[in-house]
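Colleague: I am new to this structure. Please take me through one part of it closely, the place where the two chains meet.

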Amino acid sequence: MTGVAGTIEAEKSRDIRKRWLLSLPALLIILIAATGPLLIVLVYSFLTPGPYGDVQWLPSPDGWISVVMEKDIFDGTFSLADAHVSIFIRSVVLSLATTVLTLLVGFPTAYFIATRPEKTRELWLFLITIPFWTNLLIRTFAILEIIRNEGLINGLMLKFGLISKPVQMLFTDGAILTGMAYVYLPLMVLPLYASMEKLDFRLVEAGYDLYATPFKVLRKIIIPLVKPGVVAGSILVFIPALGAYVTPSILGGGKNLMLGNLIELQFGQGRNWPLGSALSITLMLIVMVALLVYVRNAGSQGSRHG
Amino acid sequence: MAELNAVEIRHVSKIFGFGEFAFAAVDDTSVSIRQNEFFTLLGPSGCGKTTLLRLIAGFEYPTSGEIMLNGEDIAAMPPFKRPINTVFQSYALFPHMTVAENIGFGLTMLGKPKQEIRDRVDAMLKLVRMEALAGRRTSQISGGQQQRVALARALAPQPKVLLLDEPLSALDYKLRKDMQIELKRLQAETGITFIFVTHDQEEALTMSDRIAVMSSGKILQVGNPREIYDAPADRFVADFIGETNFLKGRISAMNGGIADVDTAVAGRISATVPLDFQASGEVTVVLRPEHATLCPPNQPAACQMTGTLENVVYFGTDTHYHVRLSDGETLFTLREQNKPLQSARFGQGDTVGIALEANAARVLRN
């Protein structure tokens with residue numbers, strides 16, 4: 001008996017070893033590609049900026065200090081970097097607002113698609129993915145064309161005499177929010193749809209049968225059951241929104257910066273790679289903390305309800 | 001004035017689709033369901049029984065007609081305002097709630113006080129004997145237990161009418177038998193009108209106070225189980241409820257409610273005629289399999305028919321025989337109860353006689 005068991009055991013461990021060996025190349029690539037650049041960024045954040053960009057190999061904490069502090073050029077004292085803090089806050093607030101907005105628009109959209117007959121659902125999903133076919137830059141410029149002072153909306157409103165002079169919509173936080181919500185909407189709709197498609201609509205009927213009004217059915221039955229989709233969609237929207245670069249730089253016009261723009265600035269005109277690196281890592285930390293808090297909250301509620 | 005009917009369906013039609021694809025799932029149907037009745041809608045799948053149930057529940061709205069609940073027209077009322085609850089075929093228990101939360105859901109939605117909900121949920125758990133599992137998730141209990149929770153959930157708000165959509169079809173035979181008795185007990189204890197949908201004629205016969213047999217969106221016959229079985233109104237009902245033999249013949253004489261019918265295969269047999277039916281000429285006579293027995297073919301006095309035994313099917317409690325009659329066409333089914341230590345009297349291929357019991361034959365309304 002033990003002999004047989006032993007052979008099986010040996011067979012198993014050989015099998016496991018073989019699998020590890022087979023996946024080794026992939027693991028190596030992932031390890032190098034994912035952690036390598038991160039390590040470089042981490043190291044750079046502790047070095048001194050070079051005169052024309054790049055870094056000098058002199059250890060310095062300045063990069064990290066400048067993330068939130070400002071050194072006075074004359075007396076060398078430190079004060080809070082208001083500009084950076086306000087960019088941090090704007091980034092987080094705008095990303096949260098984008099997440100909420102896409103959720104508000106995406107939820108009914110996903111529900112609509114999930115309740116269509118099976119044959120037409122694919123068509124609707126296909127329509128949702130169409131924007132992905134066009135380059136993000138071009139889509140962003142299209143939005144710019146619509147909302148700029150001489151653009152479509154202002155032009156039409158002027159023509160019909162609704163306003164006497166163009167309304168400033170471009171280069172505002174509202175413009176960034178609109179642009180980001182538009183860009184990230186499919187990322188919200190698709191996971192929401194995936195969990196709504198699995199929703200058993202007989203449960204909705206059971207809710208109606210048991211005296212729940214349509215609003216109560218939504219709150220007590222549909223939302224708790226599609227929560228995994230809400231969580232996944234929110235994560236998929238919030239993370240890229242926080243690091244968004246193209247949309248805020250075009251629709252915000254370099255005036256309303258977000259974190260992505262600030263980082264780009266340090267690696268470009270700012271010629272302060274250590275600061276850029278430190279900001280990048282800060283962004284990553286914010287994302288990780290936000291995720292942790294969100295998933296833990298959603299998870300604990302989930303275990304209570306479903 | 002007589003007591004109001006619990007539910008009254010008046011000329012209700014439900015048409016799905018448009019134009020040439022229009023299909024009447026329920027076709028100008030009227031039926032009255034009395035207070036505290038165990039009423040069954042029986043029919044094959046696609047006959048419209050579930051649609052009729054969904055119309056009463058409010059998940060569908062009738063294309064035309066009236067649905068009255070205790071004398072009030074509810075045809076246009078949304079389901080969450082109707083004091084009617086449903087036990088779904090798939091149970092449709094909320095997976096994100098515990099057993100107790102499921103049962104209390106209806107009461108919570110009605111805005112009842114917390115204490116009342118707690119007491120009522122406890123009473124319901126007790127009624128369906130599920131006290132021990134109140135805190136479980138619905139995914140952690142067996143099919144039979146889910147069935148009980150679904151029942152308790154639907155009964156908890158004390159509806160005027162309880163609708164049951166083939167609730168036993170997912171259970172295995174033994175559990176189904178137990179639940180049939182359980183359902184009857186619950187109906188007796190709560191005094192609520194039950195409307196039960198099934199395609200299982202045996203289930204319908206054993207449980208119902210009255211049965212409505214449906215086909216193609218129409219109700220063909222309403223009556224108590226005995227009426228439905230013994231006096232089927234037409235060929236469909238006779239064929240659907242139990243096994244039936246149909247013999248064609250011509251009426252030669254009438255004496256009160258009994259007709260002498262000349263048949264090609266069985267000679268002259270006397271058959272009961274339905275009270276309000278003027279029978280004459282060509283008719284169809286129905287004979288239940290249990291009202292006939294096999295007899296040796298060499299006793300022409302006792303046997304009305306002869307034929308060849310084509311098939312013998314042993315069922316445990318009884319044995320079914322399929323006999324090809326002398327006309328070479330009709331296949332006659334008969335059923336004999338098995339007695340202890342009795343071996344088969346006849347084998348496949350034997351020539352056998354068939355004896356009919358007195359008053360067994362009945363003329364069918366065509």
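Modeller: Here is a walk across the interface of chain B and chain A. Keep in mind that this is a predicted model.

Start with who takes part. Chain B brings 26 residues to the contact, and chain A brings 21 residues. Together the two chains bury about 2000 Å². Of that area, 65% lies on carbon and sulfur atoms. As for the choice of number, the size of an interface is often given as the accessible area lost when the parts come together.

Three residues of chain B stand out. B:F80, B:H96 and B:M109 supply 34% of the area that chain B buries against chain A. No other three residues supply more.

Now the charged and polar links. There is 1 salt bridge between chain B and chain A. B:R54 makes a salt bridge with A:E205. Their closest N and O atoms are 2.6 Å apart. Polar contacts also cross the interface: 7 residue pairs are found, with both residues at pLDDT 80 or more.

Which elements of chain B touch chain A with at least two residues each? They are α1 (49-57), β6 (84-87) and α2 (99-109).

Last, the make-up of that side. The residues of chain B that touch chain A divide into 17 nonpolar, 5 polar and 4 charged. To look for yourself, begin at B:R54 and A:E205, the salt-bridge pair. Then find B:F80, B:H96 and B:M109, the three with the 34% share of chain B's buried area.

Note on methods:
Residues numbered from 1 in each chain as written. Chains lettered and ligands numbered in written order. Predicted model: local features only at pLDDT ≥ 70, side-chain atom pairs only at ≥ 80, totals over all residues. Heavy atoms only, no water. Contact = heavy atoms within 4.5 Å. Buried area = accessible area lost by both parts, 1.4 Å probe. Salt bridge = Lys/Arg side-chain N within 4 Å of Asp/Glu carboxyl O. Polar contact = N/O pair within 3.5 Å; in protein donor to acceptor, adjacent residues only side chain to side chain. Helix = DSSP H or I, 4+ residues; strand = E, 2+ residues; numbered from the N terminus. Nonpolar A, V, L, I, M, F, W, Y, C, P; charged D, E, K, R; others polar.
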